[in-house]
Amino acid sequence: MMTTVNLDRIVKEVDRRLARPTWRVMVCDGTGCVASGSRLVHQRFLDSTEGLDGLAEVKLSGEDLCRPLISRTGCHGLCQMGPLVVIPGDGGAREEIFYCRVTADDVPEIVETTLKGGQPVERLLYRDPRTGTTYRSSAVIPFYANQTRIALADCGHAEPEDIEEYIARGGYAALRRVLTEMKPEQVCEELTASGLRGRGGAGFPTGRKWLATLRAAGSPKYLVCNGDEGDPGAFMDRSLMEGDPHRVLEGAIIAAYASGAGYGYFYIRTEYPLALTRMRKAMADARRLGILGENLFGSGYAFDCEVVEGAGAFVCGEETALLASIEGERGMPRPKPPFPAESGLFGRPTVVNNVETLATVRWILERGAAAFRRHGTPRSPGTKTFALTGKVRNTGLIEVPLGATLRQIVFEVGGGVPDGRKFKAAQIGGPSGGCLGVEHLDMPLDFETLGQVGAMVGSGGIVILDDSTCIVEVARFFMQFTQHESCGKCVLCREGTRQMLWILQDIVEGKAQPGDIELLEQTARAVKVASLCGLGKSAPNPVLSTLTLFRSEYLAHVERLYCPAGVCEALKTFAIDPDLCKGCTLCLQKCPVGAIQGDKRAPHRIDVARCTKCGVCATICRFKAIAAR
Amino acid sequence: MMKPTDGTIVLDGRMVPIGDHVNLLDLIRAGGIDLPTFCYHSDLSVYGACRLCIVEVEGRGIVTSCTTRPEPGMVVSTRSARLRDIRKLTAELLLANHDMSCPTCTRAGSCQLRRLAERLGIDRIRFRQRQERLPLDQSSISLIRDPNKCVLCGDCVRICREVQGIGVLDFANRGSKVQVTPAFGQGLGEVECVHCGQCASVCPTGALAVRSQVNEVWAAIHDPERIVVAQVAPAVRVGVGEAFGLPPGESHIGQTVAALRAMGFDRVYDTGFGADLTVLEEGTEFVRRYRARKDLPLFTSCCPAWVKLVEQWYPQLLNNLSTCRSPQQALGRLIKRELPREMGVAPEKIFMVSIMPCTAKKFEARRSEMVTDGRPDVDAVITVPELVQMIAESGLDFAGLEPDRMDLPYGFKTGAGVLFGTTGGVTEAVLRYAAEVMAKPLGRPPAFHKVRGMERLREAEVELGDDKLRLAVVHGLAAAQQLVEDVLAGKREYDLVEVMACPGGCVGGAGQPPARTPSVREARQASIYQTDTMLQMRNSQDNPYLQRVYADTLGEPGSPAAHELLHTHYHPRRRTGAVEVEISGGADPSHRVVRVEVCVGTNCHLRGSHDLLHRLIDHVNERGWGHLVDITATFCNEVCERGPAVRIDDELHEKCTLEMVLDRVEGAIGAEEAPVATSR
């Protein structure tokens, strides 16, 4: 017989252990930090602190922790500065210390100076790249200070693989309350009152989705967690599953209960090995404690779930394609209606929620709908995580209230555009989203306003572009992505995106004809309104939004064969600056097509008609006289 | 809440009652507006991919009408500038991806993509034409797949899976590289395709087309040495007229015969005669089995697609299949035997052409069992569109031809023989014979109405004297497989089961002109029944020429002579491409050699067959049996759960140990040989 887990006992036990007067070292184990070497840092900490129990700070009697607790945490967010090491404060006088770009070789110094000496290692603290100010703890770093963390609340602050620590930080108490004190309808009501909208992109009200599934005829019912995050540059869901898997799982169990589902599937792409491992471990640990299985918390409610690995097709992020994939079919979208709430997985009522949506549920049930509504805008309450990448100083994982402006994200959280470049545009929502320009910097980012300008929240990738980026090339890149990832089912998406890609290729290669831009736009509009699924309908967004904002740049490519950003190879022309040219004849000798003429010691010229733009001359010129423009 | 049947929608400004329509497209078409579509078929699941049937619904914007449920009060528009633009643009996108070899395409006349371009007035394609050419799949005997013509509507994928339950076609790759293909890029001829051809019959373009044998037929006709004989299947007469613009279902056998004669066929016979032969043989077989209660239910075997399905997926039912040759093969064999004698010509001079509503018949004619003395019983099989093309090529005015009669004796058929053209027909024909054998002479036959119709599965109990026969008639191989599963599970019991692969039976065969709607098949079926009532004889057993064949050469139905001529056998195809590996090569053919086949398939291997094989070879050599025993390694014998399996002289032994095998081998070598060997 499974006995009901006693959360309170676990909380007490973990608190007792952590309350020892010891140090804790938290090494970020998010994807970004792992890539920059945090695993080595972690190992070095383990090695270097072996036998440190003689230190005053870690003098412990007897059991448990006889040395500093070296933890691996989920993504802390400031990926740009990784590997990150956080040494939390003691809740009293001792402040948190936040170290950036820590290498394994820095570890002995941290052990000596901080763990033994109680002092920070100054050179490893965060220094603001613009102001030069040094910050000791994360709370005051502008990157963090301008965020509001709900879904990411504990990401980076706890061991993701330790269910007991999760419980000690309040985890599963919301689930217990839901199961023992609330009816499914009440949970749906609370969610509807909170105004939470799906974080996967479309923004459908979560409470209404749950209620529709609850009320749908048919059984069994299923819960599906959509962890098939496929946008280039997006890693919010990945970070949540890696960094706080129990929060996602708790949200899922609550969602299942509220929508009458008895079994769940977590669809996670194979390219997310750590997320797969941690979600699986979370499920196993929860099952061990009786948080998954029969009669949860003595409520009589039974729920269990499993992980299904996706093969990485972008289209499987579309919910009906995802369901087809779980069923073992080719991942192709099905027409809606019927919506999954009526007829989803195996033809049964199914609630499909995104990872971040589920990760937000616990907070809402802990603090209430009203508290949630205090963040965000009236129609888009709460916060949203974004993966901030591109030409911005602080790339990383962020969470801000919906309705925050692009300016706040780029310049306050992101620290602005580096290398003296200017902000040009932000591509938001990945290949389904659109471009926002300078004129949108002060527009509040929420579901409605983004939709109005032809962009979308999407799953939440934001790529910042500076003035060295060719906007047509950006559109071409995203179009290539959607064309490659189109499932090929409906004509408009399959053939329309191919033709759009061909036109865009012609434009960047200087082969476009008059009228091509109009055909591109017309095709884009047809694909947008008449494609089968959400991915097809949103595939033209990058083209349409850039055509609106940067039409002159398109025209420059077509009419003047000129790339204003100087990016498009085919449109470059090489020229010799007569003031700098010494007439050394080196370029003339090296030019493979004999396009350079000129006499010794007199400025040379490039015959543009012959030039193949290989760039050899510019590379070898010792006087920097040759440049492409 | 109001039921949808109570409501109306506003369609282009008119009120239209919803009735029992479950999607807008059907409702709009019923309202007299024919929206274009490639991927919508009433027989198949809704797919929503071609985006041509788009309409504007107030409050919802542009939706595909095939995927939208009509709701009372819906305001629907099929015409707007936006809809027109998108439809034309979609058609242009399809055309830009199409290989446009229309003049040489076999489907040019019935191509829906061409028709769409005409309808929408596409006079130029603004998009860049695809240049890439993909190789054709010519591996199948019956079908040719040309990916360059595919519009990816998925009709073939769905009919193969949903209606036929075969599923050899599916989509592969992503984006613009998507293709419809059998698994792992194999050819249609290398997979479990049963050649029913339904994929080709729903294909809106020429991406899946019937392999034509017209050139072979012309070559024979133009060869003065050849006697070219045609046999025309029952269902051909009710389909051929459509290709010449005549009303669906009208019977045009007289014009067909006239056309064949005009084109140079030397004899024209009726496959209905072959059907009469089949009735007598199968009827006799059935009565025998029924009385002996052996190998029931008897499954009919006239449909070669169904036969192949049983061979590959239900080998345990091979004994239940009727051993009778199909009418095509029965008549082919009979004619090839009799005609040379009658005409005094060498057998190889006869060239037998059958005109079939079927693509699987092309496959059947090439089966190894259908070859006598090294010559195929049927030399070429052409479908109705192939016949139509020959007629057109000859410049004949089909409708205006003076109707002509078939040659005797094999051109004479009864009503029962004609019934083979529709689902339920074989059962009814056999019943007419069985009734007479089991009960009393019939005279004017009763219509066995319970077996008629178009429902996928029809069951009937028929009393013949004291016997109550339990019958089932099923068409469409998915329905057939469901029935087989139920029979195997003991959920259903029958005495006789008729199976036809194609919807409606041969009237809906893939060798007919494409039947766009079920009503076309129904018209053809009605015409078959009409023909039955109009023929002078309606029971196969009454066919006087057939009686003469039995009297002259075969004796009684079911006699050894009849069996030799008119029956066949089947073989399991569960494992395709199995190879045998010769292990010991030293057997001396002057002795009686014992054949030992050791299975080295995965399961047997895991159960130690490899080790057994090695030790067996050692022992055989040790005992000096090398010249007496022929050892072969084989692949799966399909008793995987009871391996290692060893076949010794055609007897399969399960759970073998070396001792068992040696024992049996020793026994087989024989008492007088064994001491010699062991005394060494």
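**Exercise 1. Leaving aside its neighbours within four places in sequence, which residues is A:Gly461 in contact with?** Then place the residue in its strand and decide whether it is buried or exposed.

Solution. Bear in mind that we're working with a predicted model.
- Start with the contacts: beyond four places in sequence, A:Gly461 touches A:Asp231, A:Gly233, A:Ala234, A:Ala387, A:Gly429 and A:Gly430.
- Now the strand. A:Gly461 belongs to S15 of chain A, which covers residues 461-466.
- Next, count neighbours. The cut-off for buried is 20 or more other C-beta atoms within 10 Å. A:Gly461 has 24 of them, so it is buried.
- For a residue that is not in that contact list, try A:Asp285: 176 residues away in sequence, and 31 Å from A:Gly461 in space, C-alpha to C-alpha.

**Exercise 2. Work out the strand order of the open sheet of four strands in chain A, and explain why S9(A) and S10(A) each have one side without a neighbour in the sheet.**

Solution.
- Read off the order: S9-S8-S7-S10 in chain A, with parallel pairing.
- Look at the ends. S9 (304-310) and S10 (350-354) of chain A are the edge strands; each has a single partner strand, so one side of each has no neighbour in the sheet.
- Check the twist: on average, neighbouring strands are turned by 20° against each other, direction ignored.
- Zoom in on one pair. S7(A), residues 222-227, runs parallel to S10(A), and five bridges link the two. One bridge to pick out joins A:Tyr222 to A:Thr350 in S10(A).
- Finish with the helix on the sheet. H12 of chain A (residues 273-288) packs there and touches S7, S8 (263-269) and S9 of chain A. The direction of H12(A) makes about 170° with that of S9(A).

**Exercise 3. How many residues of H14(A) are buried, and what happens just after the helix?**

Solution.
- Helix H14 of chain A spans residues 355-367, and 11 of its 13 residues are buried, so call it mostly covered.
- Go through the names: the buried set includes the charged-looking entries A:Glu356 and A:Arg362 as well as A:Trp363, A:Ile364 and A:Leu365.
- Step past the end of the helix, and you'll find A:Gly368 with a positive phi of about 95°.

**Exercise 4. Describe the side of chain A that touches chain B.**

Solution.
- Count first: 26 residues of chain A meet 27 residues of chain B.
- Then ask where the chain A residues come from. H18 (471-485), H19 (491-508) and H20 (516-530) of chain A each supply at least two.
- Rank them: H19(A) gives the most, with eight residues.
- Sort by class, and this side of chain A has 12 nonpolar, eight polar and six charged residues.

**Exercise 5. Where in chain B is confidence lowest, and where is it highest?**

Solution.
- Get the overall picture: chain B averages a pLDDT of 91, with 94% of the residues at 70 or above. The model as a whole scores ipTM 0.86 and pTM 0.85.
- Find the extremes. The lowest confidence in chain B is in H22(B), residues 673-678, at a mean of 46, and the highest is in S16(B), residues 380-383, at 98.
- Check the stretches under 50. Residues 1-5 of chain B stay there, with nine contacts beyond four places in sequence; residues 674-680 of chain B do too, with eight such contacts.
- Take the lesson: where pLDDT is low, don't read the predicted coordinates in detail.

Note on methods
Residues are numbered from 1 along each chain as its sequence is written. Chains are lettered from A and ligands numbered from 1 in the order in which they are written. This is a predicted model: local features need pLDDT of at least 70, side-chain atom pairs count only at pLDDT 80 or more; totals for chains, interfaces and linings use all residues. A residue is buried if 20 or more other C-beta atoms lie within 10 Å of its own, exposed if 12 or fewer, and partly exposed in between; C-beta atoms are placed from the backbone. Two residues are in contact if their C-beta atoms, placed from the backbone, lie within 7 Å. Ala, Val, Leu, Ile, Met, Phe, Trp, Tyr, Cys and Pro count as nonpolar, Asp, Glu, Lys and Arg as charged, and the others, Gly among them, as polar. Two strands pair if DSSP finds at least two bridges between them. Axes are lines fitted to C-alpha atoms, for helices over the stretch in contact, and angles run from 0 to 180 degrees between N-to-C directions. pLDDT is the predictor's confidence in each residue, from 0 to 100.
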